Amino acid sequence: MEIDVLTLFPAMFAALDESIVKRARERGLLTLRVWDIREFAYDRHRTVDDTPYGGGAGMVMKPEPIHRALQHVKAVSARPARRVILMSPQGRRFDQALARELAAQERLIFICGRYEGVDERVRLHLVSDEISIGDYVLTGGELPAMVVIDAVARLIPGVLGSAESPREESFSDGLLEYPHYTRPREYLGTAVPEVLLSGDHEAVRRWRRKESLRRTRERRPDLLEAVRLTPEDLRLLQEIEAEEGAPPGGL
Ligand code: SAM
């Protein structure tokens, strides 16, 4: 996969060298290029922002440097960039399903906004997607883009070792993941559940599935409603209900 990022703060992306993205790059599975939008401003002062028409506080990122940067960046690779993503609090909410969708692409381009955001013409004419990482406003699109890139990179086949496979992670099958334990066997008065020490793979699998269902039922019943439950899941949920009683509001 190839990823290009357009930003006014390229140095921020050094943080990705502390993440799985570095491994993906080292394994030749991901090419990440970070571009400084300021390099594509054509006036003497390399102006990238201007005051908003209509007045008001704050500055708006000008469309021309972003447009020029995009034209340049698109041409550096023969791979088509079908997804040009503007990071925006007004965009589609990022989740694991969208991460999977993006991981299937061979090329992605991210545009990071700053200040009051980018000129509306960028949104209207130059991007295919707008992505938000949640209902809050950050100072710039750099952290949101890094969130998306990290989540996508770990889904590229071969990036995670098989031992760290994303198969069983939270959201991968629509449920939250089961709890994890490591040594010591007992800590802070809590012992590791016996079944995890039993060596019985089928019993461990069943316990994990049940705890995954229990967690999801407790914390994110909305996810449970959306997932296709197997007959075994329904039996396990009945057991959980018998153990704990019906959740507030029921399922
Ligand atoms: N005035 C804009 C609004 O109210 O929608 C917010 C601009 S914000 C201060 C500056 C930039 O940060 C945005 O253009 C966007 O690129 C990025 N940003 C802020 N919050 C974000 C979020 N939750 N998800 C994705 N990008 C975000």
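A pocket here is an open set of grid points, worked out from the protein atoms alone, where a 1.4 Å probe fits and there is protein on both sides within 12 Å along at least five of seven lines. A molecule sits in a pocket if more than half of its atoms lie within 2 Å of the pocket's grid points. Keep in mind that you're working with a predicted model.

**Exercise 1. Find where the ligand sits, and say which residues are closest to it.**

Solution.
- Step 1: Start with the place. The ligand is in the largest pocket.
- Step 2: Look at the shell. There are 20 residues around the ligand, and Met 87, Gln 90, Glu 116, Tyr 136 and Leu 138 are the closest.
- Step 3: Sort the shell by type. You get nine nonpolar residues, nine polar ones and two charged ones.

**Exercise 2. Work out which strand gives the largest share of the shell around the ligand.**

Solution.
- Step 1: Pick out β5 (83-93) and β7 (129-132), since each of these supplies at least two shell residues.
- Step 2: Now name the winner. β5 gives the largest share, with four residues.

**Exercise 3. Track down polar contacts between the ligand and the protein backbone, using a cut-off of 3.5 Å between N or O atoms.**

Solution.
- Step 1: Try the ligand's nitrogen atoms. One lies 2.8 Å from a backbone N or O atom of Tyr 136.
- Step 2: Check Gly 134 too. A backbone N or O atom of Gly 134 is 3.1 Å from a ligand nitrogen.
- Step 3: Move on to oxygen. A polar backbone atom of Gly 141 lies 3.4 Å from an oxygen atom of the ligand.
- Step 4: Finish with the cover. On its own the ligand has 590 Å² of accessible area, and the protein covers 84% of that.

**Exercise 4. Arg 46 and Leu 188 have a positive phi without being glycines. Decide for each whether it is buried, partly exposed or exposed.**

Solution.
- Step 1: Place Arg 46, with its phi of about 50°. You'll find Arg 46 in the loop between β2 (31-36) and β3 (49-50).
- Step 2: Check its accessibility. Arg 46 has a relative accessible area of 35%, so it is partly exposed.
- Step 3: Do likewise for Leu 188, whose phi is also about 50°. Leu 188 belongs to the loop between β8 and β9 (190-191).
- Step 4: Leu 188 reaches 76% relative accessibility, so it counts as exposed.

**Exercise 5. Describe the peptide bond between Arg 183 and Pro 184.**

Solution.
- Step 1: Read omega, which is about 5°.
- Step 2: Name the bond: it is cis.
- Step 3: Put Pro 184 on the map, in the loop between α5 (142-153) and β8 (186-187).

Methods:
Residues numbered from 1 in each chain as written. Predicted model: local features only at pLDDT ≥ 70, side-chain atom pairs only at ≥ 80, totals over all residues. Heavy atoms only, no water. Near = heavy atom within 4 Å. Polar contact = N/O pair within 3.5 Å; in protein donor to acceptor, adjacent residues only side chain to side chain. Areas by Shrake-Rupley, 256 points an atom, 1.4 Å probe, with all protein chains shown as cover. 1 Å grid on protein atoms, 1.4 Å probe; cavity = no way out; pocket = protein on both sides within 12 Å on 5 of 7 lines; lining within 4 Å. Nonpolar A, V, L, I, M, F, W, Y, C, P; charged D, E, K, R; others polar. Buried < 20%, exposed > 50% of the residue type's maximum accessible area, 1.4 Å probe, protein only.
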